[in-house]
Amino acid sequence: MAAPIFFCLQLLCFAFTVIRTRAQPPGTWELLVQNAGIASMHTAVTRWNTVVLIDRTDIGASNLSLPNGVCRIDPNDLALTTDCYAHSALLDLETNTIRPLMILTDTWCSSGQFLPDGTLLHSGGWNDGNTKFRTFTPCINTSSCDWEELPNTTSLHQGDGDNEGDNMYPYVHLLPQGNLFIFANNQSVLYDYVNNTVVLDFPQLEGGSRSYPSAGSSAMLALEGNYSTATIIICGGAQYDAFNNQSVNSTAKGSCGRIVATDPNPIWEMEEMPLVRIMGDMVMLPTGDVLIINGAQAGSQGYGLATNQCLTPVLYQPDQLEGSPFVTLNPGSIPRLYHSTANLLPDGRVLLSGSNTHYYYTFDGDFPTELRIEAFSPEYLAADNTNLRPVVTKTPKTVQYGNLYNVYVTVSSPISQACEVEVNFASAPFATHSFSQGQRLVKLGVTRVVSQVNGEYRIVFQAPPNGMVAPPGYYMMFVVNQGVPSVARWVQLTS
Ligand SMILES: [Cu+2]
C-alpha cells in the first residue's frame, strides 16, 4: 500500500494553541538546583546540554569553591586579590549538578555569543575584564572544558547613556535581509553594518525609554514563510527618571510596542500587558509564542533599585487575531530581579537563574542573592499533551543552507493535521540584563509529511536559505505538532 502523503500549504494552516480553559493558570515550576553556588547574571545553553553560568568576579566570596584548592591571584581585583571562589559554573542538565569554572578577569556587564563552531565567545566586562575576550568551548559532561582568556584587546566598554543612562545594553536583532535593528532608549535605527550607515530611523516608541537602566525587554518574533518580514516587540520598562531619582516604588510600564521592522513605512502598534514589568526576560518558545518572565513591578534596573517582584509569567501569542494576545500563567515563588536570566532548554522548559540586587552576596533582607535554579514548564509540556508530542527518531546532524532534509518522528496520536507540523530552529542566546542576545526562532518550510510503514513519519523540511535568516551555528531543532514541541536535537547549520 502506498504511504499516504500529506502536502502542506502552510498558508492554509491556522495558528493552533494548546492553551485550554482550566482551573489552574497554565504552566508548572520545579526547583532544579537548591544551591548553584553562584548567582548567574549571564547564562547560555550549550549544544552538549550543559548551561554556562557567569557572575561577576569582583564581588568577593561566592558559595562555590574552585576545585583542588586552586585560587585566582589578581592584583587588580576590587574585592579579593587571592580569590579561591568560582564566579562561573557549568550546570549539567542531565544530572542537575554544578561544576565550578575558572574565569580570570571581571565579567560584570559583559556580552556573549556562540560562534559557528559552537564556541561561546564572551566579550568585555569591568576593570581588568574591559579589554578581554574569553572563549568557552563546550564539551561532553564528563570532560573538563573551561574558560580561556584571549590576549588583551582595546576597550570593549559599552558606551555611556544619556542623562538617564538609558542607552546601555541596546536591543539588537539581525533582520532576515541582513541589516541590524538597534534599539536604545526610545529610539531605533536600521543599521547596515557592511557599509556602516544608518538606513532608516524608526519612529520613537511611546512611553519613554526601555533599555538599561529602564529595563524593558525585546524579542524578534519567529521568522517564517519566505522570510521577507521581521517583527520586533519591546515590552515593559521603568518610568522616566525612576533610575535617576532612585524611585524604587515607581510603577513600571505595562505597554508593549510591536513593529514590522522590514516595512518601508514602519509604525509601532501598542498593546497592554496584563501586568506591568521591569527587568522581564522574553523567551522565544519553540512554538513561536513569547514567554515574558522574571522582573519586578516597580523601580528601575540596578542594585537595590526595584521592588514588588513580578512572579507571574505571561505568554504572548503573536498570532492571536482576536481578543488579548496575552495569557497570564502560573506564578512562581522566587523573586528574580536584577541580574537574573531566562533561557529556553532543549526539552522545551525554560531555565531561570540568578538575581542579585546587591553588590556582594547577601542572604538577608529584601531580595537576597538567589542561588537556586528553577525550570518553568509551559503548558505544552502538560501531561494531557503527551499524545501529541513528537519523538524525534532520526535527524541530520548537519544541514546546509537551502537544502531539503528528512527528520523522522513518532507520535502517539496519528498526525491528522499535517499542516500543523512544524520544524523550527531555535538559537541558544546569551541571556543577560533582561535581553537574550542572539535569540531567534526560525520556522522552516515543511514540504511533506509522509507516514512510514513502521509507524514513523518522515517530515521533509528545507534548511534556512542564508546566514541572514539564520547565522551559521548550532540550533535546537524542534518538531512541533499542533503546538506541542518534541525534545530538540542539536543541528549544526553550515554554508
Ligand atoms: Cu549589570
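## A partly exposed aspartate in a loop

Asp241 has 16 C-beta neighbours inside 10 Å and therefore counts as partly exposed, since that class lies between the limit of 12 or fewer for exposed residues and that of 20 or more for buried ones. The model discussed here is a predicted one, and in it Asp241 is placed in the loop that links β18 (231-235) to β19. Its backbone is marked by a positive phi of about 70°, although Asp241 is not a glycine.

## A buried asparagine with positive phi

Asn294 also has a positive phi, near 75°, in a residue other than glycine. Its surroundings, however, place Asn294 in the buried class, because 33 other C-beta atoms lie within 10 Å, where 20 or more are required for that class. The loop that holds Asn294 runs between β22 (290-293) and β23 (296-299).

## The four-stranded sheet

The loop of Asp241, between β18 and β19, connects two strands of an open sheet, in which four strands follow the order β17-β18-β19-β20 with antiparallel pairing. The edges of this sheet are formed by β17 (217-220) and β20 (269-272), each of which pairs on one side only. From one strand to the next, the twist averages 20°.

At the β20 edge, strand β19 (residues 255-260) is joined to β20 by four bridges, and the two strands run antiparallel. Within this part of the sheet, Arg258 stands opposite Glu269, a residue of β20.

## A cis peptide bond before the sheet

The loop between β16 (197-201) and the edge strand β17 contains Pro213. The peptide bond leading from Tyr212 to Pro213 is cis, and its omega is near 5°.

## The chain as a whole

The protein chain contains 41 strands and zero helices. Its radius of gyration is 22 Å, close to the 23 Å that the globule rule gives for 495 residues, so the chain is as compact as a globular protein of that length. Taken along the principal axes, the box filled by the C-alpha atoms is roughly 75 × 55 × 50 Å.

Of the 495 residues in the protein chain, 49% count as buried, and Asn294 belongs to the buried class. As for the contacts, among those that join residues at least 6 apart in sequence, 60% are between residues at least 24 apart.

Technical notes. Residues are numbered from 1 along each chain as its sequence is written. This is a predicted model: local features need pLDDT of at least 70, side-chain atom pairs count only at pLDDT 80 or more; totals for chains, interfaces and linings use all residues. Two strands pair if DSSP finds at least two bridges between them. Axes are lines fitted to C-alpha atoms, for helices over the stretch in contact, and angles run from 0 to 180 degrees between N-to-C directions. The radius of gyration is taken over C-alpha atoms; the globule rule is 2.2 Å times the number of residues to the power 0.38. Two residues are in contact if their C-beta atoms, placed from the backbone, lie within 7 Å.
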